[in-house]
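User: Please take a close look at one part of this model, the second largest cavity and the residues around it. Set it against the chain as a whole, and add a few other sites for comparison.

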Amino acid sequence: MIAEQTQTAVRKTSTLFHLRSLYLIMGLSGGMMGPYLTNLFVHQGIASSQVGIIMSAGKIASIVVQPLWGVLVDRYQQTRLVLMLSLAIPAVLAYFYNLQWFAAILVVYMVTTVFQATQAPISDSYAVRAAKEANTTYGKIRSFGSFGNAIGGYLAGMYLMFCSITALWVPFLLLSLLGLVSIGALPAATERKAGSVAFGEGLRRLLGNRSFLFFLIGCFMINQTLTAFNSYFVLTFQMAGGSYGLSGIALLIASLTNVPAMLVGSALQKKWGIKNVLLLASAAYVLRWGIQWLFPIPEVIVAVQVLHGVSFGFFYVAAVEFVAGSSGKGMQATGQSLFNMVFSGFGGIVGNLLNGYLLEVGGPDLMYLVCAISALAGTLILLFVKAGRSVKEA
């Protein structure tokens, strides 16, 4: 009996360690490559409107194949294989961003996004389940990803002061390969606990929940604005007179604020409730874009990144917990996949297209103004969700 309890404790500790390592590595690799992709594309002669098309096309492709990932994970129990592919394929393809052809970059990005799309929902469903088993919180695990993203963004800024932006694929490849080691070390017992409800059935059940449906709409309105940061921040920062080095510092500040936000997010949810934390984060989005619209000055733009943790950090942790509470035990992977399809997929498609177009026709001022309005609309929708029937907040 004691030996069995010891083995269980060791397995839980091992799972947490490797999950934290995986989030840290994914954060590092994503922080080094993601924020600088638009600059790389522009460097290769792609117009900002075409950049929006490239990124939106990738999101469309990822949404189309998302049910297939759900089948692999939920029905065939191939969690680790899917996570490995989500790191390995983008790592191998990253070099080909150096091709100066629109069509080639479009294809590479589409394939990359198809595989990367499954990282968040699968790793998050892992983390939520592992956190409950180990009597900890999802935020304490997810914060390692934010810390890695912070360091990655800063290191990339420093790296580009000495190396060409076309050489970003090198550290991205190395970090991704390191991530494969962490995935391979995840205990097989965790993999066997993947959700058992088929993706299609889970989709029907979740979309039949009106509160959950409006929650997704609110998430869409808010997260489409985040592409202004994820896809266009470095580009707009340079348009405001900022440098690569200073942009790295801004990205570092933004991502570092996610760490304390995710660590305390679960405590705030217990004290105030998940929906109230979502509303606080939504209001922070409105304030964030409003300040950047009113004061397009490099120093102000750097300073306002302290709101990233209150906006994205609080919102994402609360949203993942909301989805976990709404999905039930048999549909965790399905629920997180659906949330990711709307939050990152549809939100990313519309955001990249809309913000790329706004940036080209009206510059950063118009883009940030529309982002503030969209975030406000999303906040009002979440107010409606809060007023509706309560969802389990655990």
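Analyst: Of the 394 residues of the protein chain, 57% count as buried. The model is a predicted one, and its protein chain has 18 helices and 0 strands. Among contacts in the chain with a separation of 6 or more, 86% are between residues 24 or more positions apart. The accessible surface of the chain comes to about 15,400 Å², and carbon and sulfur atoms hold 70% of that area.

Now the cavity. A search of the whole structure finds 4 cavities of 30 Å³ or more. The second largest of these holds about 50 Å³ of space. Its lining is made up of F233, T236, F237, A240, Q292, P296, I301, P364 and Y368. By class, that lining has 7 nonpolar and 2 polar residues, with no charged residues. Two helices, α13 (233-239) and α18 (332-387), each supply at least two of the lining residues. The largest share, 3 residues, comes from α13.

Q305 is a useful residue to read alongside this cavity. Its place is in the loop between α16 (298-303) and α17 (307-327). Q305 has 0% relative accessibility and therefore counts as buried, the cut-off for that class being under 20% relative accessible area. A polar atom of the Q305 side chain lies 2.8 Å from the backbone oxygen of I301, and I301 is one of the residues that line the cavity. Leaving aside neighbours within four places in sequence, Q305 is in contact with F229, F233, A250, I253, A254, T257, R288 and Q292. Among these contacts of Q305 are F233 and Q292, and both F233 and Q292 also appear in the cavity lining.

V300 offers a contrast in accessibility. This residue is in helix α16, the helix that comes before the loop of Q305. V300 has a relative accessible area of 27%, so it counts as partly exposed. Not counting residues up to four places away in sequence, V300 is in contact with I291 and F295.

Two further sites can be taken in other helices. G27 is found in helix α1 (residues 2-33). With a relative accessible area of 7%, G27 is buried. In sequence G27 and G148 are 121 residues apart, yet their C-alpha atoms are 4.3 Å apart in space. Neighbours up to four places away in sequence aside, G27 touches G145, G148 and N149.

S176 sits in helix α8 (residues 169-184). This serine is buried, with a relative accessible area of 2%. Leaving out residues up to four places away in sequence, S176 touches S29, L87 and A91. One of these partners, S29, falls within the residue range of α1, the helix that holds G27.

To return to the part you asked about: the cavity of about 50 Å³ has a lining with 7 nonpolar residues and no charged ones. Q305, buried at 0% relative accessibility, touches F233 and Q292 among others, and its side chain has a polar atom 2.8 Å from the backbone oxygen of I301.

Note on methods: Residues are numbered from 1 along each chain as its sequence is written. This is a predicted model: local features need pLDDT of at least 70, side-chain atom pairs count only at pLDDT 80 or more; totals for chains, interfaces and linings use all residues. Side-chain values use heavy atoms; hydrogens and water are left out. Helices (H or I, at least four residues) and strands (E, at least two) are DSSP runs, numbered from the N terminus. Buried means under 20% relative accessible area, exposed over 50%, partly exposed in between (1.4 Å probe, protein chains only). A polar contact is a pair of N or O atoms within 3.5 Å; within protein, one must be able to donate a hydrogen and the other to accept it, and residues adjacent in sequence count only if both atoms are side-chain atoms. Contact means heavy atoms within 4.5 Å. On a 1 Å grid over the protein atoms alone, a cavity is a set of points where a 1.4 Å probe fits but cannot get out, and a pocket is an open set with protein on both sides within 12 Å along at least five of seven lines; lining residues have an atom within 4 Å of a point. Grid points are joined across faces, edges and corners, and a volume is the space filled by probe spheres set on the points. Ala, Val, Leu, Ile, Met, Phe, Trp, Tyr, Cys and Pro count as nonpolar, Asp, Glu, Lys and Arg as charged, and the others, Gly among them, as polar. Accessible areas come from the Shrake-Rupley method with a 1.4 Å probe; for residues, only the protein chains shown count as cover.
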